[in-house]
Each structure stands twice: as structure tokens, then as C-alpha cells.
Amino acid sequence: MSTEIAVFTSKSVSMILDEGGTRSWVLNPERAKRCTYVVLCRKQRGHIAPAEELPEPHGSAFLVGRISNVVPVAAKRLHPNSKTKDRWKITFNEYAKISVTDVWQGWHNPVKYMNLEEFKALGIDVRRLHFKPMPVP
């Protein structure tokens, strides 16, 4: 059974589409490259985008990307005591907007590996989505 990714983000749909994907994640790039889909779930607290660009309820899934690549991004320290330097961007070649509430289950890490059956149990059947090509970033 294939493994996919869910991420917990406070970026808006327009920011994600403009950037060509979702970034700056601490993850296993080799594992992430074997995934086909990433499900983006809304983080309403500590948001990066203006609140008016984040209409989705906290914890809801709002976007699914068909992964095209996982690439390094410039190292950033989000916290002065952080030892993590390597961050990764998950790029998409297609995306589908969705609206499924209560998907993010309060997992501690903002990156969660799941299989398609787990997504389906949460109300997301990626095989039934209508994907659109990504705009040129």
C-alpha cells in the first residue's frame, strides 16, 4: 500500500499556487519522493497569510497536490534552539481544491505520512478528484 503525505499549513491557496507547491518542511525527502499525493490541511493559528485568505476551518483539508518533486529550500531556523537546517518543498504538477472538515487530528508533527485508505476514512478519495494543471509559478 502506498504512503502519501498530509501537511498542516497556514499558507493560503494563492500562496501555494504561486510557489508551485508547499514548503518549508522537515521531512524524509526519499520517502516523500515515493509519494504521489500531498493533502494540505488548514492551520488557522499563527497564520502566515492574511486571515481573509484563509476561509477554511481549522483542521480541514482544502487542497490536494499531485507531487512532481521534492526539492531543498534555503535553510531557515524557525526557532533559535532548532538543530534542523534541511527543509524541503513539495512541488505539484496538478492540484484539486477540496473541503473536508476535521481531517487534521492534532498530530504533533506538521507532516504526517498516511496511506490512501486512511485518507479515504477521513473523507478524501483522491481517485475521485478532478485535478487541474498547476499554474506556472
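1. Contacts of Met 114. In this predicted model, Met 114, if its neighbours within four places in sequence are left aside, is in contact with Ser 2, Thr 3, Glu 4, Ala 6, Trp 107, Phe 119 and Leu 122. The residue belongs to strand 6, which covers residues 111-115, and Met 114 counts as buried because its relative accessibility is 4%, where the cut-off for buried is under 20%. One of these contacts deserves a closer look, since Met 114 and Ala 6 are separated by 108 residues in sequence, while their C-alpha atoms are 7.1 Å apart in space.

2. The chain as a whole. The secondary structure comprises three helices and seven strands, and, read from the N terminus, the elements follow the order β-α-β-α-β-β-β-β-α-β. Of the contacts between residues at least 6 apart in sequence, 76% join residues that are at least 24 apart, and the contact between Met 114 and Ala 6, two residues that are 108 apart in sequence, can be read with that figure in mind.

3. Burial and surface. The chain has 137 residues, and 47% of them count as buried. Its accessible surface comes to about 7,700 Å², and carbon and sulfur atoms account for 50% of that area.

4. A stacked aromatic pair. A pair of aromatic rings is described by two values, the distance of the centres and the angle of the planes. Three aromatic pairs are found in the whole structure. In one of them, the ring centres of Tyr 37 and Phe 131 are 5.8 Å apart and the planes meet at 25°, so this pair is stacked, the limit for that label being under 30 degrees. The pair links distant parts of the chain, as Tyr 37 is in strand 3 (residues 37-42) whereas Phe 131 is in the loop between helix 3 (116-121) and strand 7 (132-133), and the two are 94 residues apart. Both Tyr 37 and Phe 131 are buried.

5. An edge-to-face pair and a cluster. Trp 104 and Trp 107 also form an aromatic pair, here with 4.8 Å from centre to centre and 85° between the planes, and this arrangement is edge-to-face. What is the burial class of each partner? Trp 104 is buried, because its relative accessible area is 9%, whereas Trp 107 is partly exposed, because its value is 24%. Ring pairs join Phe 8, Trp 104 and Trp 107 into a cluster, and Trp 107 is also one of the residues in contact with Met 114.

6. The cavity. The structure holds one cavity of 30 Å³ or more, and the space in the largest cavity is about 40 Å³. Its lining consists of Leu 116, Glu 117, Phe 119, Lys 120, Ile 124, Asp 125, Val 126 and Arg 127, and by class this lining has four nonpolar and four charged residues, with no polar ones. Phe 119, part of this lining, is also in contact with Met 114.

7. Backbone details to check. The peptide bond that runs from Arg 23 to Ser 24 is cis, with omega near 5°, and Ser 24 is located in strand 2, residues 21-25. Asp 102 has a positive phi of about 55°, although it is not a glycine. This residue lies in the loop between strand 5 (87-100) and strand 6, and Asp 102 counts as exposed because its relative accessible area is 57%, the cut-off for exposed being over 50%.

Conventions
Residues numbered from 1 in each chain as written. Predicted model: local features only at pLDDT ≥ 70, side-chain atom pairs only at ≥ 80, totals over all residues. Heavy atoms only, no water. 1 Å grid on protein atoms, 1.4 Å probe; cavity = no way out; pocket = protein on both sides within 12 Å on 5 of 7 lines; lining within 4 Å. Points joined across faces, edges and corners; volume = space filled by probe spheres on them. Nonpolar A, V, L, I, M, F, W, Y, C, P; charged D, E, K, R; others polar. Helix = DSSP H or I, 4+ residues; strand = E, 2+ residues; numbered from the N terminus. Buried < 20%, exposed > 50% of the residue type's maximum accessible area, 1.4 Å probe, protein only. Contact = heavy atoms within 4.5 Å. Areas by Shrake-Rupley, 256 points an atom, 1.4 Å probe, with all protein chains shown as cover. Phe/Tyr/Trp six-rings, centres within 6.5 Å; stacked < 30°, edge-to-face > 60°.
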